[in-house]
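Please look over the sequence and the structure below. The paragraphs that follow go from one helix to the whole chain, and then to a few single residues.

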Amino acid sequence: MRKSGRRRFLGALVAAAAVLVAAWFAWPRPVGVDLATVVRGPMEVTVNDDGKTRVRHVYTVSAPIAGKVLRISHPLGSEGTFSRHVGDEVKANATVVAVMQPTTPSFVDFRSREEAQAAVAAADAYVKYAESEVRRLEAAVTFYRGELARAQALARTQTVSVQALDKAKFDAESNEAALVSAKAQVAVWQGVSRSLAARLIDPSSAPPTQDPVCCVQIRAPATGQVLKIIQESEAVVQPGTPLLEIGDPLDLEVVADLLSTDVVGIKPGAPVRIDGWGGAPIRARVTRVDPAGFLKVSALGIEEQRVRVTIDFVDEPKSWSTLGHDYRVTVHVTVWTSDNVLTVPVGALFRKGNDWAVYSVKGGRARTAVVKIGHRNAQVAEVLSGLGAADRVVLHPSDRVREGSAVAQR
C-alpha cells in the first residue's frame, strides 16, 4: 500500500514539473532591443559631400608660335641641362620651362618636286639673262661716260651746243640707272632661285638645330611649382597648345559641387569642417556660392542639379600644408547649429501615418509616442514635442516590437 502511494506521488511530481517546464517555455519573453536615451545638448546640421582642393591661380603655359617643342629634358649647349619635372620650383620671368625650335621641312611629292626643279631652272636662266643685261649696261655706261667727258671738254671751248651736252648727260645717267636696275634684278632672281631651291630640301638632309640662340625659350609666367606637364614628349605643336601648368601649392582652396536643394541654405561665411583627407579635421569657411547650377550625372546614373561652392581654409597652413592640387577631401558645411537642443537618434524614428513616432520604454514595455521633429542630421533629430529628457527609446525597432510588447536591453 505504501509503495503504491509513493508511486502516485512521484508520478504527480513529475507531471507537475512537466507542466511547469511547458509553462516556462510558453510564457512570452521580452524582446531584446537596443535602447538609447533622449538627451539635451549641442547639435548642428551640415551638408556633407566630397570636394577637391585646387590651386587658386593656375597658369597654363602655351606655345606662343607654331614649331617643335623639345622634350622637357634637353641639353642647351654650354648652359647645362634643361629639365623640368612636376614639383620643381620656378621663378617668374626667370626660369625656362620649355624650349621650341623650328619645324623640319615637310616631304615633297614627285609632281611638286618636278615643278620646283623647273621653277629653279627658270629662275637660274633669268639670273643669267639679268647678268648679261648687267654686262651690256656696264659697257653702255662706260661708252656714254666717255661721250659725256668729250662733250664737256668741247663745251668749254664752245665747240658743241648746250643741247648736245645735255643729251650726253642724259644718256650717261639713264644707262647708269638702268645698270642699277639690272643689278637689282640679278639679286631678286638669285633670291627667288634660292627660295625655290629651299623647297626641295629633304627632311633627312636638314641639319639638326643645336644652337639655343635660334630657339624660343619660354619662361615661367609666375613664381611657384610645376603642377602638371601636359606636353612632355617632343612634338610639333600649333600656337596656343598647352604645355604645362604652374601654380603656388600654398595658395589652395576647396571646391565642392553640392546639390542645389542643399545650397539654398548655405551663405558665404558659413563655417566648414574638412576631413577625409588623411589628416586631422581642418576649419574652413564658405567664400563663394555660384549663382548658377549645372547638371551632373552621379555614379549611379542619376541626373542631379549641382552648384559649385568655393571654400577657404581658416586654420594655419602648417595644418594642411601636405595637401596638394586636386586632392580629394570631405566637406561638412554647417547650415544650422544650437548649443541646447533635445535630441533623439534618427535610428529610433519611424513613420506612423504622416507623423514621426518612436517606441518609448516604460515599465519594461514599448509604448508608441508620436513626436514632432525639427532639424535633423545624419545622427540625431531635434525633438520639439512628444518626448522628454532621459526618456528611453528603442533603436531600429524590428517587426517583433509592437505597442505594449515587453522589451529588454539587448
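What span should the 37 residues of helix 3 (residues 162-198) have at 1.5 Å a residue, and how far apart are its end C-alpha atoms? The expected span is 54 Å, and the end C-alpha atoms of helix 3 are 54 Å apart, so the two values agree. These values, like the others here, come from a predicted model.

Helix 3 has a series of buried residues, among them Leu165, Ala168, Asp171, Ala172 and Asn175. Further along helix 3, Leu179, Ala182, Val186, Ser193 and Leu196 are buried as well. Part of the cover over the buried residues of helix 3 comes from helix 2 (110-156).

Now to the chain as a whole. The chain contains four helices and 24 strands. Its C-alpha trace spans about 190 × 50 × 45 Å along the principal axes. The radius of gyration of the chain is 48 Å, whereas a compact globule of 410 residues would have one near 22 Å. Of the 410 residues, 33% are buried. Among contacts with a separation of 6 or more, 76% are between residues 24 or more positions apart.

The surface can be described in similar terms. The accessible surface of the chain is about 25,200 Å², and carbon and sulfur atoms hold 55% of that surface. The chain carries 50 positive and 43 negative charges, and the mean positions of the two sets are 16 Å apart.

Three loop residues remain. Ala63 lies in the loop between strand 3 (59-62) and strand 4 (67-69). Is Ala63 buried or exposed? Ala63 counts as buried because its relative accessibility is 4%, and the cut-off for buried is under 20%. Leaving aside neighbours within four places in sequence, the contacts of Ala63 include Met100, Val237, Gln238, Pro239 and Gly240. Thr241 and Leu243 are also in contact with Ala63. The C-alpha atom of Ala98, a residue 35 residues apart from Ala63 along the chain, is separated from that of Ala63 by 8.8 Å.

Asp326 is in the loop between strand 17 (303-313) and strand 18 (328-345). Asp326 is not a glycine, although its phi is positive, at about 65 degrees. With a relative accessibility of 46%, Asp326 counts as partly exposed.

Ala390, in the loop between strand 22 (380-385) and strand 23 (392-395), also has a positive phi, near 75 degrees, in a residue other than glycine. Ala390 is exposed, because its relative accessible area is 56% and exposed means over 50%.

How values were computed:
Residues are numbered from 1 along each chain as its sequence is written. This is a predicted model: local features need pLDDT of at least 70, side-chain atom pairs count only at pLDDT 80 or more; totals for chains, interfaces and linings use all residues. Side-chain values use heavy atoms; hydrogens and water are left out. Helices (H or I, at least four residues) and strands (E, at least two) are DSSP runs, numbered from the N terminus. The radius of gyration is taken over C-alpha atoms; the globule rule is 2.2 Å times the number of residues to the power 0.38. Buried means under 20% relative accessible area, exposed over 50%, partly exposed in between (1.4 Å probe, protein chains only). Contact means heavy atoms within 4.5 Å. Accessible areas come from the Shrake-Rupley method with a 1.4 Å probe; for residues, only the protein chains shown count as cover. Lys and Arg count as positive and Asp and Glu as negative; His and the chain ends are not counted. The place of a charge is taken as NZ of Lys, CZ of Arg, CG of Asp or CD of Glu. The expected span of a helix is 1.5 Å times one less than its number of residues.
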